[in-house]
Structures are given as C-alpha cells and as structure tokens.
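Grab a pencil and work through these exercises with the model open beside you. Each one has a task, then a solution in steps.

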Amino acid sequence: MRFGRMALDSLISGALILIFVLPLGAVIQQAFSGGWSSFVQAVMSPIAIRAFELTLAISFVTAILNTAMGLLIAVVLERWRPVGSGALDAVIDLPLAIPTTVSGLMLVLLYGPVSPVGRWLTEHGVAVVYTRLGILFALLFVTVPYAVRALQPAIQALDVRQEEAAWVLGASGRRVWLKVIVPALRHALGSALILTFTRAMIEFGSVVIVSGNKPMQTEVASVYIYGLLENYDQRGAAAAAVILMFLCALAFVLEARLLALLGRRRAVRWAAAEGGTRHV
Amino acid sequence: MSKVWTVVGTSIAYVWLLLLVGVPFAAVLVGALAGGWGPFWQSVTSQEALFALRMTGEITGVTLLVNLVLGLPMAFWIARRAPGWRMVQWLVELPLSVSPVVAGLALIVVYGPNAFIGAFLLHIHVKVAFAFPGMVLATIFVTLPFIVHETVPAIRAIGDTQEQAAYVLGASPWRTLWRVWLPQLKWSILYGLALTTARSLGEFGAVLVVSGSIVMVTETATLFVYQASVNNEMQAAYAVSALLALASFALILLLQFLKRAGGRNLRDH
Amino acid sequence: MTIEFVGVENIYPGGARSVRGVSFQIREGEMVGLLGPSGSGKTTILRIIAGLERPTKGDVWIGGKRVTDLPPQKRNVGLVFQNYALFQHMTVYDNVSFGLREKRVPKDEMDARVRELLRFMRLESYANRFPHELSGGQQQRVALARALAPRPQVLLFDEPFAAIDTQIRRELRTFVRQVHDEMGVTSVFVTHDQEEALEVADRVLVLHEGNVEQFGTPEEVYEKPGTLFVASFIGESNVWTRAVQNGRIEVAGAALPVDPAVSDGSEVAVVVRPKDVELQPASEREAHAQVVRSAFKGSYSACWIRTKDGEVWEVHVPSADRHRWSPGAWVHMNVTRWFIFPR
C-alpha cells in the first residue's frame with residue numbers, strides 16, 4: 001500500500017515534469033541560448049514590438065468589454081432569470097466547445113463578401129475580415145464564457161441581506177449597485193478581467209484565420225510566434241514565447257496587487273468614515 | 001432595480017450573445033449547406049477529411065484515457081493538500097494561460113529531433129514530434145486541467161471520513177476507490193471528460209506546431225479545416241467546420257445534462 | 001478484547017491534538033470514555049486504536065496482539081464517526097452490509113446479519129432509504145449498525161452524540177450503553193461532555209494537552225481527582241491559590257492542613273466543590289461572606305457569595321432553603337471537603 005502510493009506519486013510527478021516543467025523550461029533555455037543580446041534583438045524587432053502592442057491593446061479592449069457584458073449576462077442569468085435563460089446558459093459555453101479554427105471560419109463566413117451581412121457592412125465601409133476589428137470579434141467570441149463563468153458564482157453567493165440593508169437605509173437602486181454589489185464582486189470582476197485578458201493574449205486558432213496576418217498591421221503575438229516557427233527560427237520563437245508568458249504572468253501579478261490595493265483603500269475609507277483617527 | 005432596467009438589460013444580454021455567438025454559429029451551418037447536401041456529403045467523406053476526422057477521434061480517445069489516469073490522482077493530491085499540492089495545482093492550471101502555439105513550441109523544443117530527449121527517443125525508434133505521440137502530448141498539455149478542475153471541489157466536498165470508514169470496515173484503497181469514491185465522483189468526472197473531449201476535438205495551435213500538419217499523416221480535423229481555408233477550398237473547410245460545430249453543440253447539450261444530473265445528485269446529499 | 005497503549009506518542013505541528021507518551025490498559029468488555037477539552041488528543045487516541053493514525057513512538061496492543069503496524073483494514077474494529085461518515089450514495093442496507101461484503105461473507109449469512117441489526121436498531125423500514133433521507137438519530141443508528149455488522153473486537157465512538165438534539169441525546173446514550181452491554185464488546189468513546197462520560201462509562205480516561213491526567217471510575221475521578229486539572233475540569237469547582245504558612249493554608253476562616261512535604265511560603269491550589277460548602281446565617285461582623293446572587297436549578301440552588309477578601313464562590317444549597325440565602329444575606333462558611341494540589 002505504501003509502495004503503491006509512492007509509485008503513484010512518482011508517476012504523477014514524472015508526468016508533470018515531462019509534460020509541463022521540462023518543455024516550458026526548455027523554451028526559456030532556448031530563448032536565451034544565444035545570450036542576452038540575441039534575445040533582446042529577437043524581441044525588439046519592429047515586427048515583434050508591433051505584434052505585442054497590437055495583442056496587448058486588443059486583449060485589453062476585449063477584457064473590458066467582455067467583463068462588462070459578462071457582468072450583465074451573469075446578472076440576467078442569476079438574478080432576473082428571464083424566459084429562455086436555460087438556453088442562454090448553454091449558448092455561453094458554445095465558444096468553449098467550438099474549435100477555435102471553426103470560430104474563426106464562422107466569422108470569415110459571416111462577415112466575408114459571401115454573406116449578406118458582410119456585403120451590407122462592406123457597402124457601408126466597414127471591413128471586418130482581415131482587419132483588427134475582425135480580431136476583436138474573434139477574441140470577444142472566444143472569451144465570453146470565461147467572463148460569465150467567473151462572475152456567476154460570485155453573484156450567486158452575494159449576500160442579499162446586505163442589499164436589503166442598503167435598501168432599508170434608503171439607498172437608491174444605482175447607489176446599491178455602486179456601493180454594495182460591485183465592491184462585493186470585486187474579486188470576481190478581477191478574475192473575469194484577468195481570465196479574458198490572458199485568454200485573449202494567447203488566442204491563436206480563430207485569430208490566425210480571421211486576421212489575415214499582415215505583419216505590422218494584423219499580426220498578433222501568437223501568430224507572430226507561429227510565423228517564426230514556420231521559418232525555422234526556433235530561438236526567435238522561443239524568445240517571443242517567453243515575452244508572451246511573461247506578459248500573462250505580469251497581468252496576474254498586477255491584478256493581485258491592484259485588488260490588494262483596492263482592498264486596503266476601502267479599509268482606510270471605512271476607518272475614516274467611522275470617525276476614528278486610528279491608523280490602519 | 002426598476003422593471004424597465006431589467007427588460008433593457010436582459011435584451012442587451014440576449015442581443016449581444018445572439019450577435020456574438022448565435023449568428024456566426026448559424027452562419028457556418030448555412031455556409032456548409034449552401035450548395036446543398038450533395039457537396040456537403042462529398043466534402044465530409046473525402047479520403048482526406050475522413051482521415052483527419054479519424055485522427056482527431058483517436059487522439060481524443062487516447063487523451064481521455066491518459067487524462068483520467070493522470071488527472072484523478074492529481075485531483076486527489078490537490079484536494080487533500082498533500083505536500084507539494086500548490087505546485088501541482090499551479091502546474092496543472094498553467095496551460096490555461098499558455099498560448100497553444102507556445103505549448104507546441106515547448107514540446108518541439110524537448111521532443112523534436114534536434115533536442116536531446118527527442119533524439120534519444122528517435123534512436124529507440126519512438127517518433128514523438130511530427131507524429132501521433134507528439135500530437136497526443138500536445139492535446140494532453142492543453143486539456144489536463146479540465147478533469148482536475150472539475151473533480152477537486154467534489155473530492156473536497158465529500159471529505160475523507162467516508163474513505164476512513166471504508167478502511168476500518170476492511171476495504172482496501174483500491175476497493176474504496178471503486179466502491180466509495182468513483183460512484184460519488186461520477187458526475188464530476190463525466191463533466192470533466194466532456195470538457196476534455198470538446199477541447200481535444202478543437203485543439204489546433206499546439207497540434208499544428210507539433211504535428212507539422214502533414215496531409216494524410218498527421219492531419220487532424222481542425223488542421224484540415226485550416227489547410228482547406230488556406231488553400232481556399234472553402235466548401236471543404238465549411239463542411240468539416242459545420243460537422244465540428246455540431247459535435248460541439250452536442251457536447252454542450254451533454255454538459256448541460258451532466259450539470260443538471262450532477263446538481264441533482266449533489267443536492268440530494 | 002483488551003486494549004493497551006505503551007508510551008504512545010504522536011506529535012502534531014502546533015501541539016494541539018498531539019499525544020505525548022501515553023500508556024494505559026483497557027479491560028475486556030469495558031466501556032471507557034476519553035474525556036478532555038478540544039485539542040487534548042482524545043480523538044487522536046481513538047484514531048490510533050482504529051489504525052487511522054500511526055504513532056510516531058510506542059506500541060498499541062489489542063487482545064494481547066501488537067497491532068502498531070497493522071493497517072485499519074486488518075484490525076477488526078468498529079468505528080462510529082462524529083458525523084457518521086455514512087456512504088451517501090448507498091442505501092441503509094448497503095451501508096450496513098459494506099463491511100460484510102468486504103469480508104466476503106456468504107450472501108444469506110450477510111442478509112441475515114444485516115436484517116438482525118436493522119431490527120435491533122429499529123431501522124427495518126428504512127433499509128432502502130438513503131442517508132440524506134434520515135434524521136440525525138437514525139443516521140447515528142445506521143452508523144452503529146454498520147460498525148457492528150462485521151462483529152468487531154472493539155467498538156469505537158468519536159463524539160457520538162455531539163450532533164444530536166439534547167432530547168434524543170439522552171435516549172441514545174442509554175441505547176448505546178445497552179448495545180454495549182448486550183454485545184459485550186470492549187468500547188471506547190470520545191467526548192468533551194463530562195456528564196456524558198460519567199453517566200455512560202465504566203471508567204474515564206481524562207486527557208489534557210496530550211497527557212493522561214487520570215484513569216479511573218466516574219466516582220474516582222469525581223471524588224478523588226488526581227490532579228488540579230481533573231479537579232477543575234470534572235464537576236463544578238471553586239479553585240483558589242493560597243500560600244502555605246506553618247504547614248497550613250487559610251480557607252474561609254479555617255486553617256486546613258497541607259502535606260508536610262510542601263514547604264512554608266510556597267503556593268498551592270485549593271479546590272472546593274460547590275456542594276462541599278455549608279452556609280450558616282451570621283451577623284455582618286463575624287460573617288465570612290455575603291450572598292451576591294442566587295439561581296434556582298431544580299433540586300438544588302446555586303448561590304454566589306463574595307468573601308471579605310473579594311473572592312466570589314459558587315455554593316450549592318438545597319432548593320428548599322433557598323429563601324434563607326437571598327442576595328445581601330451575611331453568611332458563615334464551613335468547608336466540609338477540599339482538595340489541595342501543588343501550583
């Protein structure tokens with residue numbers, strides 16, 4: 001029994017090392033295998049910089065938009081529960097289940113010249129396919145579930161008594177939302193933001209099809225990395241991969257710091273509101 | 001919150017999801033069948049498409065098996081907070097924030113023919129990169145979190161006293177797994193497996209990089225869709241896409257069913 | 001079966017729940033209560049007997065056989081968990097038959113045994129119910145039946161009545177004792193409720209911070225507490241610190257003799273039970289204390305009196321005399337029984 005336990009533990013540890021630790025470690029090693037200067041050179045090329053800028057910007061917009069919409073959808077699902085909310089709940093998971101290439105193709109089909117929607121948009125001067133707008137649509141599509149699913153349990157867990165207390169104390173509807181509900185959801189909102197953001201940062205399949213991948217214009221980081229690999233530049237790809245992983249990790253750290261900071265500010269305000277001169 | 005706001009908010013949510021998810025989903029079905037059933041059927045049953053679909057099926061099958069065998073012990077490790085559980089949890093959740101392309105790259109760097117381990121494996125005639133094992137590895141990399149993620153809370157909710165009760169009553173750990181744990185974890189495991197299936201069917205970036213996407217050798221369904229769209233064979237791309245989309249839809253229905261069944265199961269306890 | 005602990009040690013980081021070099025012997029057919037405050041290590045001892053915890057030092061013997069290295073599967077003990085730990089996905093019948101099935105008992109023999117136990121536990125009509133469809137008391141009985149089914153050598157209970165309403169608790173206590181008497185199996189139960197321990201157990205093992213404070217019959221631990229902890233933990237008590245002078249200490253106007261080994265000037269603790277103080281009315285000048293408050297408790301009444309030194313004592317008087325000791329009354333105290341322990 002004891003021996004079996006040990007064998008199992010070693011099996012799992014071994015698998016974790018072979019699947020995750022070794023490969024990711026090797027990427028980092030590969031990225032710096034030509035020394036620091038060649039790493040810098042690889043990631044400071046104008047095309048690389050432009051790709052990262054574009055990825056960051058569109059991911060940011062995606063995260064904001066989908067967190068806001070995710071909050072609304074989660075409230076609809078958890079609080080208002082209109083007719084058909086069961087179907088709505090299922091639809092939200094679709095982007096998780098649909099292959100990302102298929103998602104990309106869907107958008108090409110819908111907004112491309114073959115469909116009436118695409119034709120109408122083109123006539124009105126809006127191009128979606130092979131543009132940044134297309135990338136945004138693709139990212140919004142694939143990240144919707146993450147925002148909603150991050151917020152749903154938090155809304156479910158909201159203490160209705162707190163709201164009721166606010167109502168009883170005479171707060172208006174908007175004030176209850178701003179002062180009671182949103183602050184209580186701040187951790188969930190934070191994780192919705194971070195999940196959609198990182199998910200947008202790393203997305204590949206749908207974007208590679210929708211964006212057209214024009215360097216300096218519609219090429220995002222993951223597509224850029226793939227391009228380098230196609231050209232047998234493993235070291236350059238590894239360098240860019242390290243930057244991409246670093247940016248995602250940074251986002252996590254920043255979010256944690258921000259939440260901690262917000263938490264403290266609120267604590268200080270509370271103490272001040274209690275009329276004390278106490279130090280917090 | 002006034003009635004008007006509720007209606008407006010609900011409408012916005014519905015319209016947003018309809019435009020973002022519903023319409024594109026419908027578009028691909030319509031697009032695939034634009035030329036009627038004949039061309040659709042032809043595209044889906046072409047030799048290349050059939051090969052790709054079978055490849056996807058095989059990879060998914062092996063992945064499910066491996067994830068079950070590796071994922072459950074990891075879930076117990078994390079749920080029990082056994083030494084090193086944070087590290088295991090961190091590693092298992094890592095793939096969720098690693099780009100599939102990077103995952104593929106990482107596997108190539110270690111298991112490619114130019115790498116130390118890859119070269120050694122080639123020497124003993126195990127081809128990992130640009131072959132089936134590599135593609136399975138890539139899929140596992142991306143899907144391992146799901147089963148762990150679904151079962152950890154269930155294991156924690158059940159606690160460990162039932163297991164101890166079984167031990168005291170004479171059941172071996174293996175018997176306890178079968179008689180006490182698995183019946184109670186059934187729904188969570190199935191849910192995790194359904195998610196794994198969805199993600200395995202759809203995995204693209206990591207498999208693309210690892211496989212080299214060689215027609216009729218390492219081409220999966222999603223790679224087929226990509227190649228077809230790059231080669232501007234849109235009918236074929238749409239047809240297989242529609243098939244995959246329908247499979248996803250079926251999985252979503254299954255997930256909804258599992259969620260209800262599992263929920264009822266949990267409430268009962 | 002006898003149970004013996006020899007220098008058993010099991011230290012947890014942080015100290016709570018630890019067991020520090022514990023030795024004791026439980027006799028054949030005895031029912032023993034492990035009593036102590038939470039974190040005193042009583043549950044750990046139970047789990048060591050069951051084999052769910054391995055002592056880091058020392059040995060455990062059951063029925064004259066060393067079982068220290070034996071896994072729980074091979075000890076043939078029955079354990080009733082605090083929260084019952086019933087298998088939630090199994091019916092009452094399947095729960096009770098679990099252990100028999102693991103022992104590969106033939107089907108009809110198993111069925112007969114399960115039916116017999118269900119009848120004994122008054123659960124026949126619940127055989128096909130699931131645990132979540134039962135009340136707390138019923139779940140408790142299922143847990144008991146499940147533990148008894150494989151005819152264990154030793155029966156263990158972890159806080160058996162903690163999660164049950166006071167009303168049914170009384171009944172269950174008697175029931176459990178009845179089960180023990182009828183099955184004649186050596187039993188050990190954990191409790192933090194002294195009343196429960198004194199009522200149900202043949203002998204009580206009092207634990208404090210992982211050490212055995214005293215092991216004796218309910219009368220012994222109550223009437224002859226071995227340590228200050230036992231004296232103050234079991235039963236109600238007034239505990240005071242006094243300095244020894246001329247081989248005596250002064251309590252409520254009386255000079256009580258102290259063990260001559262204790263040197264003058266050192267401090268000792270004196271413990272007096274509320275029932276061991278007699279009150280007499282006295283004038284304000286010669287009185288020892290004044291009644292502060294009194295409370296009716298049924299057969300007796302509790303009075304709190306403040307001495308001239310400012311100590312507040314609890315004293316029990318017959319309820320019939322309660323009117324004599326209303327607040328404000330001056331009283332003379334006569335301590336009839338006391339315990340002295342080194343500080």
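**Exercise 1. Find the residue on which the kink in α1(B) is centred, and give its angle.**

Step 1: Know what counts as a helix: a DSSP run of H or I with at least four residues, while a strand is a run of E with at least two, both numbered from the N terminus.
Step 2: Know the bend: it is the angle between axes fitted to the seven residues ending at a residue and the seven starting there.
Step 3: Read off the result: α1(B) has a kink of about 45°, and its centre is L18(B).

A quick note before you go on: this is a predicted model, where local features need pLDDT of at least 70, side-chain atom pairs count only at pLDDT 80 or more, and totals for chains, interfaces and linings use all residues. Residues are numbered from 1 along each chain as its sequence is written, with chains lettered from A and ligands numbered from 1 in the order in which they are written.

**Exercise 2. Check whether the span of α1(B) agrees or disagrees with its 30 residues.**

Step 1: The expected span is 1.5 Å times one less than the number of residues.
Step 2: For the 30 residues of α1(B), that gives 44 Å.
Step 3: The end C-alpha atoms of α1(B) are 42 Å apart, which agrees.

**Exercise 3. Name some residues of α1(B) that are buried.**

Step 1: Count the other C-beta atoms (placed from the backbone) within 10 Å of a residue's own: 20 or more means buried, 12 or fewer exposed, and in between partly exposed.
Step 2: The buried residues of α1(B) include A13(B), L17(B), V21(B), P24(B) and V28(B).
Step 3: Think about spacing: an α-helix has 3.6 residues a turn, so residues three or four places apart point the same way.
Step 4: Zoom out to chain B, where 52% of the 269 residues count as buried.

**Exercise 4. Describe the side of chain B that touches chain A.**

Step 1: Two residues are in contact if their C-beta atoms, placed from the backbone, lie within 7 Å.
Step 2: Chain B and chain A each put 60 residues into the contact.
Step 3: On the chain B side, helix α1 (residues 3–32) gives the most, with 16 residues.
Step 4: Sort that side into nonpolar (Ala, Val, Leu, Ile, Met, Phe, Trp, Tyr, Cys and Pro), charged (Asp, Glu, Lys and Arg) and polar (the others, Gly among them). You get 45 nonpolar, 15 polar and no charged residues.

**Exercise 5. State how many helices and strands chain B has.**

Step 1: Chain B comes to twelve helices and zero strands.
Step 2: Its C-alpha atoms fill a box of roughly 70 × 65 × 30 Å, taken along the principal axes.
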